[in-house]
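Hi everyone, thanks for coming. I'd like to walk you through one structure today, so let's put it on the screen.

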Amino acid sequence: MSIEESIQNADTASPPEPDAVTEPGPPVRRPRRRGLRTLGLIAVAAVVGLVGGTAVGYRVQADREPTALPPLNQPGLAYPAKPLPKGQEPAPLSAKEDRQAKAQGDLRKLLLPRPAGARSDDFRSGIIKGWMSVYAYASEFDRPGDALDHQLDLGLRRVAAESWTTGEHKRVEIRLVQYRANGFLGAQDYIEGQQDYMPDEEYAGNEGKKLKGSSEGRYYLFPVERKAGYLDSYRARAYFHRGDIAVEIFMFDTKKISEKEIRSLAERQLGRL
């Protein structure tokens with residue numbers, strides 16, 4: 001075989017099958033998780049910044065002078081804004097004009113006086129020299145024990161009362177019920193409670209009418225009561241309060257009671273408080 005043929009055969013021959021282990025290629029590396037590392041660095045920086053900022057804030061506050069609080073009083077709201085010149089000050093209230101002074105005195109003196117010609121009501125044995133004891137007052141209610149507890153809770157202090165009769169069967173009774181200044185509005189609470197049940201059928205059966213001169217005072221005319229063998233029975237009441245004094249007025253007769261009569265009686269009693 002010539003040299004040319006040998007070269008041609010070598011170029012066209014198939015490559016030998018690999019029977020040895022080839023060298024391994026370059027190792028495969030996992031991609032670096034750059035995002036997580038960056039977030040971790042940011043979080044650490046935020047914590048360090050927060051702690052550092054807080055420490056600096058406390059330091060700055062500690063170095064500052066304390067800020068003075070505003071005064072509790074407000075002299076700008078005083079009345080009058082400027083003291084009045086000497087000799088122009090308002091005169092103090094007289095004992096007659098000072099309601100508080102009147103209420104702390106003899107409560108019986110605030111009762112409307114018995115009209116001329118009226119007789120003492122012998123049936124009102126609970127009234128002794130113009131006073132009613134707390135127990136005598138509680139006994140006037142349907143459930144005296146509960147009434148006594150309720151009145152003591154309201155701060156009942158004392159009761160002044162006056163009762164008289166005129167004509168053949170007319171009877172009038174006025175009670176001034178005073179309560180203590182213990183944080184409760186005893187007089188108002190009691191009067192509102194009495195007025196709440198007046199519209200019931202077993203009582204006045206109506207809302208009553210407003211009493212002039214009082215924001216919440218009302219007077220009531222009851223429907224006539226008729227029973228075989230008995231005289232007709234007419235009733236009227238008034239309820240109001242002023243300050244710590246609750247006022248109750250009761251009127252009974254065998255003849256019709258006029259609206260003017262109970263209203264006038266209540267207005268005159270209110271005028272004395």
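How many bridges join strand β6 to β7, and in which sense do the two run? Before I answer, please keep in mind that this is a predicted model. The answer is 2 bridges, and β6, which covers residues 209–210, runs antiparallel to β7. If you want to find one of the contacts on screen, look at Lys 209, whose bridge partner in β7 is Tyr 219.

Tyr 219 also helps us step across to the next strand, since it stands opposite Ala 238 in β8. Between β7 and β8 there are 4 bridges, again in the antiparallel sense.

Now to the rings. A pair of aromatic rings is described by the distance of the centres and the angle of the planes. Searching the whole structure gives 5 aromatic pairs. One of them is Tyr 197 with Tyr 203, a tilted pair with 4.5 Å from centre to centre and 55° between the planes. Are these two buried or exposed? Neither, quite: Tyr 197 is partly exposed at 23% relative accessible area, and Tyr 203 is partly exposed too, at 22%.

Then we have Tyr 220 and Tyr 239, with ring centres 6.5 Å apart and planes at 65°, so this pair is edge-to-face. It connects distant parts of the chain: Tyr 220 sits in β7 (residues 218–221) and Tyr 239 in β8 (residues 234–242), 19 residues apart. Tyr 220 is buried, with a relative accessibility of 1%, and Tyr 239 is buried at 1% as well. Ring pairs also bring in Phe 250, making a cluster of Tyr 220, Tyr 239 and Phe 250.

One more ring for the chemists here: Arg 171 lies over the face of Phe 252, 4.8 Å from the ring centre.

Let me finish with helix α7, residues 259–270. Its 12 residues should span 16 Å at 1.5 Å a residue, and the end C-alpha atoms are 17 Å apart, which agrees. Which of its residues are buried? They are Ile 262, Leu 265, Ala 266, Gln 269 and Leu 270. Looking down the axis of α7, you find these buried residues within an arc of 135°, so they line one face of the helix. As a reminder, an α-helix has 3.6 residues a turn, so residues three or four places apart point the same way.

And what covers that buried set? The cover includes β4 (156–166), β5 (170–179) and β9 (245–253), along with our earlier strands β7 and β8. Thanks, and I'm happy to chat afterwards!

Methods: Residues are numbered from 1 along each chain as its sequence is written. This is a predicted model: local features need pLDDT of at least 70, side-chain atom pairs count only at pLDDT 80 or more; totals for chains, interfaces and linings use all residues. Side-chain values use heavy atoms; hydrogens and water are left out. Rings of Phe, Tyr and Trp (its six-membered ring) pair if their centres lie within 6.5 Å; planes under 30 degrees apart count as stacked, over 60 as edge-to-face and the rest as tilted. Buried means under 20% relative accessible area, exposed over 50%, partly exposed in between (1.4 Å probe, protein chains only). A charge sits over a ring if NZ of Lys or CZ of Arg is within 6 Å of the ring centre and within 35 degrees of the ring normal. The expected span of a helix is 1.5 Å times one less than its number of residues. The arc is that of the directions from the helix axis to the C-beta atoms. Contact means heavy atoms within 4.5 Å. Two strands pair if DSSP finds at least two bridges between them.
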